[in-house]
Amino acid sequence: RQPEVRTVAGAEEKVKGNGRGQRGEYLTTATGTRLYETDHSLTAGERGPTLLQDHHLREKITHFDHERIPERVVHARGAAAHGTFLANGAAENICKASLFASGARTPVFVRFSTVLGSRGSADTVRDTRGFATKFYTDEGVFDLVGNNIPVFFIQDGIKFPDIIHAAKPHPDREIPQAQSAHDTFWDFVSLHTEATAHTLWNMSDRGIPRSYRMMEGFGIHTFRLVNADGETNLVKFHWKPAAGVHSLVWEEAQIAGGVDPDFHRRDLADAIEAGAYPSWDLGVQVFPDTADEMFEGIDLLDPTKIVPEELAPVQVIGTMTLDANPTNFFAETEQVAFHPGHLVPGVDITNDRLLQARLFSYLDTQITRLGGPNFDQIPINRPHSPVNDMLRDGFHQDGVHTGVAPYHPNSLDGGCPFLASADSAAYIEVPEEVSGRKVRQAPASFDDHFSQARLFYRSLSPVEQEHVAQAYTFELGKCYEENIKTRNLGILANIDAGLVSIVAGGLGLPVPEPTEPLSDPELSPALSQVGEEWPVD
Ligand code: HEM
């Protein structure tokens, strides 16, 4: 099959045949000199030592020696595809971003990933999945860097190194490779009860998706949208797969992972190759932008909480279809650099402190991972809109900038580039009032760690609940430390009496009593009416 030629950086630049890969009919050195031989080193006689003057040998080996770049510190293993987002116009009244205008078609690149495993780990492990989308809009790049689980482990980004240190393989034995079945993970989640809802989702069938094509995606954080009149709304983003949400059962995951560790990667590529293009609706839950940033008693700045769809239905604002595989894994899937701060006019962030830390972390890590500050010039990262910045030089600089005055204002070079006016297509931060004493503490509204975990567990069907109990029993059973198992049973006692007794029985440990009532008196009236089917559509 002839791979498609796909534009990634404007009409003249193609990933395939972009003029920087192979050109010409002859094998050459990196500097274009034709070679007559590439299989034998230059030696002093047929049996003598290799000569240092053999530049071709040294160039070939040296380049090979530097082929690997660091894998991502998290989400190292992934698979990606190109596609298009088609807006239906339903968001036009709440967001002025051009990508949401009715009929707008925006090229996208999506990378799915596991979180904890290394680049070579298996696809089918129990883990959260990343779902990161890069929209190449005509107003700049917008990245929606989400997961397949709508809640997060922690409430504050300052804890991110801690949860990842706990969940990655143990520093002494470097095991397990990609599973949460180990002491440090369970130690962390037992000591950080805000992780309870996420852990429960992980232990449910959502932790082992059938296919990347059959996963929901969630922006998790609350974002702030701005419309053409400057009015704001708070939203949460949701991807809904046309193929529905499907999972593997544990035994299937074990067999599939053993037989084909690339199970999800292959599934995505094969489906696209066969023309069975996966698609997702993008939807938003919309909340009034009130001063307290709460909705029905739920703190919208707490990323460990969802808003049930019964309380705020997901409104579809467009559809994304993935229809082309990457041409080169390294050039595209490995070098793509997502960032939650890549925003476009009309989409703004909120004060969610997990999101705020992310805004720092991604650019920082990518400077190391991609070898300097110029990775936005790599074809897969280039915006499709014109770039005229004052960033200069640095490793891997690809631009040949003209002029002498990369500063603003200047009176040379025929004057500075124009600045956009506030009412044109410029990105403008919402002028939100902020004040307060500097503190290192969470608001009291972050203290409820169990009610949503209970709601989620109760929403599952009996067979799904059975899978959760089996997963907890298996994973906790891998812990060496009994006190860690006991502490986690203490948490499960606050979720469901049946669940804790099955898991405790499986582990051969006593069943603890709950430390808080299971009846959720603290839930708002609206929340306590949420039905059995929540949150599955
Ligand atoms: C990578 C999602 C929280 C740091 C990623 C990726 C996804 C993701 C999907 C992979 C992107 C790709 O495919 O290239 C999320 C979500 C979060 C979250 C949904 C919470 C709602 C955080 C936090 C931090 C963080 C709190 C740090 C403070 C990173 C880093 C990478 C990463 C360093 C690697 C980026 C790279 O090397 O390009 N995250 N993340 N994440 N995340 Fe997060």
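This passage describes the nonpolar core, a pair of crossing helices and the surroundings of the ligand in a predicted model.

The largest nonpolar core contains 101 residues. Within this core, the most contacts belong to Leu200, Leu492, Leu499 and Val503. Leu200 illustrates how distant parts of the sequence meet. Setting aside residues up to four places away in sequence, Leu200 touches Ala453, Phe456, Tyr457, Val468 and Ile495.

Two of the residues named so far in the core, Leu499 and Val503, also take part in a contact between helices. The helices are α10, spanning residues 462-477, and α12, spanning residues 497-507. Their axes come within 9 Å and cross at roughly 35°. The crossing is right-handed. From α10, the contact uses Val468, Ala469, Tyr472, Thr473, Leu476 and Gly477. From α12, it uses Leu499, Ile502, Val503, Gly506 and Leu507. Eight of the contact residues are nonpolar and three are polar. None is charged. Val468 of α10 thus appears twice: it belongs to this helix contact, and it is touched by Leu200.

The ligand is surrounded by 29 residues. The closest are Arg72, His75, Arg111, Gly130 and Ser361. Several elements each supply at least two residues of this shell: the strands β2 (105-114), β3 (129-137) and β4 (140-147), and the helix α8 (353-369). The greatest share comes from α8, which gives eight residues. In character, the shell is mixed. It holds 14 nonpolar, 11 polar and four charged residues. Charged residues therefore occur around the ligand, whereas the contact of α10 with α12 has none.

Terms used
Residues numbered from 1 in each chain as written. Predicted model: local features only at pLDDT ≥ 70, side-chain atom pairs only at ≥ 80, totals over all residues. Core = buried A, V, L, I, M, F, W, Y, C linked by C-beta atoms within 7 Å. Buried ≥ 20, exposed ≤ 12 C-beta atoms within 10 Å, placed from the backbone. Contact = placed C-beta atoms within 7 Å. Near = placed C-beta within 6 Å. Helix = DSSP H or I, 4+ residues; strand = E, 2+ residues; numbered from the N terminus. Axes fitted to C-alpha atoms, helices over the stretch in contact; angles between N-to-C directions. Left-handed = near helix turned anticlockwise from the far one by under 90°.
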